Amino acid sequence: MINHDLVIIGAGPAGLAAALAAEKNGVKRILLLERDKYLGGILQQCIHNGFGLEYFREELTGPEYAHRFIEKIKKSQVKIKSETMVVNISQDKLVTAMNRSDGILQIQAKAIVLAMGCRERTREAILIPGTRPAGIFTAGSAQRYVNLEGFLPGKKVIILGSGDIGLIMARRMMLEGAEVKAVLEIMPYSSGLLRNQVQCLDDFGIPLRLQHTITRINGLKRVDSVVISRVDQSLQPIPGTEELIDCDTILFSVGLIPENELSTGMGIELDRITGGPIVNELRETVLKGVFACGNVLQVHDLVDYVTEEAEIAGKAVADYLKGMRVKREQVLNLLPGTNVAYIVPQQIAYEQVDRKRVKLFLRVRRPAEDVRIDLIAEGEKTILSYRRSIVTPGEMVTFFLPEAIIGEKTAYIKVSVEKNSREKEG
C-alpha cells in the first residue's frame with residue numbers, strides 16, 4: 001500500500017496545473033498518474049497556434065503550452081507514473097491502478113483530483129446508416145495520424161460537425177494537400193469558436209453548410225461517397241434535399257464526452273448537461289476531498305480556462321488538507337435560466353475567506369446579440385446584470401459573482417441570458 005496526500009488522475013493540462021498549484025500551496029506528497037507514455041495530454045497533437053492568449057498573454061502551439069508546465073513539473077517534487085491505468089477509485093479514496101513495471105498498485109490518498117479529460121463521440125453515437133468501410137475517423141484521431149504519426153488519412157474529405165477540432169482539421173487537411181469538400185453542421189450555427197470558423201474555413205474557401213447532415217455512407221472496402229440532406233427545425237432530414245458527394249474520407253467532429261467512468265464508479269453525481277460532476281466553487285464533488293477540473297468537468301473551448309480551473313482545484317486541495325475552510329450556513333445553488341444550458345460551478349458551499357469573488361462559466365443554448373446576463377434571486381429579484389454584445393454556444397461565457405452577491409440570504413441564484421432592453425439594464 002502506497003500513501004499520498006494527493007493523487008491526480010490524468011497528466012494533461014488540467015492535471016499538470018492542479019499538481020503545480022497544490023504544491024505551491026503546501027501539499028507535499030503528490031502523485032500524478034497518466035495512462036499515456038507522455039505528459040501533456042491532447043495538447044501534444046495540437047500543433048496549431050492560438051493557445052495561451054488568456055493565461056500567458058502569448059500565442060503558443062499546443063506542445064509549447066504543455067512544455068511550460070512539463071518543465072515546471074520536472075523541477076517540482078511531484079511524483080509521476082506514466083503508462084499507468086487507473087481501474088478503480090473507492091469512496092474512501094483508495095486508488096487501484098496497473099502498469100507493466102509495478103503490476104497492480106493500490107494507493108491510499110487523502111485527496112483526489114479527477115482530470116481524465118474527454119473523448120470524442122463517434123458515428124455510432126449519432127446513428128448514421130450505410131455501409132462500414134474504411135476511411136471513417138473522428139477528427140481527433142485524424143489529427144493524431146497527421147500531426148504525430150505522419151499519415152494522411154485521405155484525399156477527398158467531408159467533415160461532419162463544426163466543433164473546433166473539425167474546423168482545425170479542415171484547415172490541416174487542406175495544408176497537407178487533401179481536398180475538403182465541405183464541413184456540414186446540423187445546427188443553424190457553427191458550434192466552434194468564431195475565430196476558427198474564419199481562420200480555418202473562410203480563409204481557405206472551405207464551405208460550411210449549416211442545417212445539413214450525412215444521411216448515408218456508401219462504399220465497400222473504402223468510403224466512396226456520402227448522401228447529405230438538409231434538416232428541418234426538428235433536425236430531421238427533409239425528403240427531396242438529398243445530394244450525393246464523392247469522397248474517400250469522413251471526419252466526425254460531433255461532440256466530446258467527459259471521461260467519467262471512474263467518477264460514476266465512486267458514486268459521484270453528474271450534471272446531465274455537461275456530463276461532468278456537480279461541483280462547488282472549489283471544484284469539489286459531492287465526495288469531500290474529491291475534486292474535478294478540466295474537460296472531465298466541462299468541455300472547454302480554451303485550454304487557458306482549463307488551467308485556471310485546475311489551479312482553483314489545486315489550491316482547494318491544500319485548503320482541504322489544512323482544514324482551512326468555512327462552510328456557509330446554506331448552500332447557494334446556481335441554476336440555469338433562459339437561454340442557459342449549464343453553469344459551472346453549480347453551487348457555492350463555502351465562505352469566501354481569501355477571495356472577493358467567484359468566477360462562473362456557462363454556455364448558452366442558442367446564439368444571441370446585445371444581451372444581458374441576469375442574476376436572479378428568490379422572488380424573481382434581479383440582483384445584478386452583465387451586458388454582452390454577442391453570445392454563442394461554441395464560446396464559453398465567463399463572469400464573476402461578487403462577494404456581496406455570494407453573501408445574499410437566498411437558496412439559489414438563477415442565471416438567465418435575455419435580449420437587452422434599455423429600460424431593464426442593470
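Colleague: How much surface does the protein expose, and what share of it do carbon and sulfur atoms supply?

Modeller: In this predicted model, the protein exposes about 19,300 Å², and carbon and sulfur atoms supply 50% of that area. Turning from the surface to the interior, buried residues make up 54% of the 426 residues.

Colleague: What does the radius of gyration say about the overall form of the protein?

Modeller: The idea is to set the value against the one expected for a compact globule, which for 426 residues would be near 22 Å; the protein has 23 Å, which agrees. Along its principal axes, the C-alpha trace spans about 65 × 65 × 40 Å, and the protein contains nine helices and 27 strands. Among contacts with a separation of 6 or more, 63% are accounted for by residues 24 or more positions apart.

Colleague: How many positive and negative side chains are there, and how far apart do the centres of the two sets lie?

Modeller: There are 55 positive and 53 negative side chains, and the centres of these two sets lie 3 Å apart.

Colleague: Why do the buried residues of helix 6 line one face of the helix?

Modeller: The general idea is that an α-helix has 3.6 residues a turn, so residues three or four places apart point the same way. In helix 6 the buried residues are N196, C200 and L201. Seen down the helix axis, these residues fall within an arc of 85°, so they line one face of helix 6. What covers them includes helix 5 (164-175), strand 12 (179-185) and strand 13.

Colleague: Where is F204 placed, and which residues does F204 touch?

Modeller: F204 sits in the loop between helix 6 (194-201) and strand 13 (208-210). Leaving aside residues up to four places away in sequence, F204 touches R171, M174, L175 and Q199. Of these contacts, L175 is 29 residues away from F204 along the chain, with 9.4 Å separating their C-alpha atoms.

Colleague: Is F204 buried, exposed or partly exposed, and how should one read its relative accessible area?

Modeller: Buried means under 20% and exposed means over 50%, with partly exposed in between; F204 has a relative accessible area of 31%, and is therefore partly exposed.

Colleague: How does T213 read by the relative accessible area, and which residues does T213 touch?

Modeller: T213, which lies in strand 14 (residues 212-219), has a relative accessible area of 11% and is therefore buried. With residues up to four places away in sequence not counted, T213 touches L160, L184, I186, V227, I228, S229 and V231.

Key
Residues numbered from 1 in each chain as written. Predicted model: local features only at pLDDT ≥ 70, side-chain atom pairs only at ≥ 80, totals over all residues. Heavy atoms only, no water. Helix = DSSP H or I, 4+ residues; strand = E, 2+ residues; numbered from the N terminus. Buried < 20%, exposed > 50% of the residue type's maximum accessible area, 1.4 Å probe, protein only. Contact = heavy atoms within 4.5 Å. Rg over C-alpha atoms; globule rule 2.2 N^0.38 Å. Areas by Shrake-Rupley, 256 points an atom, 1.4 Å probe, with all protein chains shown as cover. Lys, Arg positive; Asp, Glu negative; His and termini not counted. Charge placed at Lys NZ, Arg CZ, Asp CG, Glu CD. Arc of directions from axis to C-beta.
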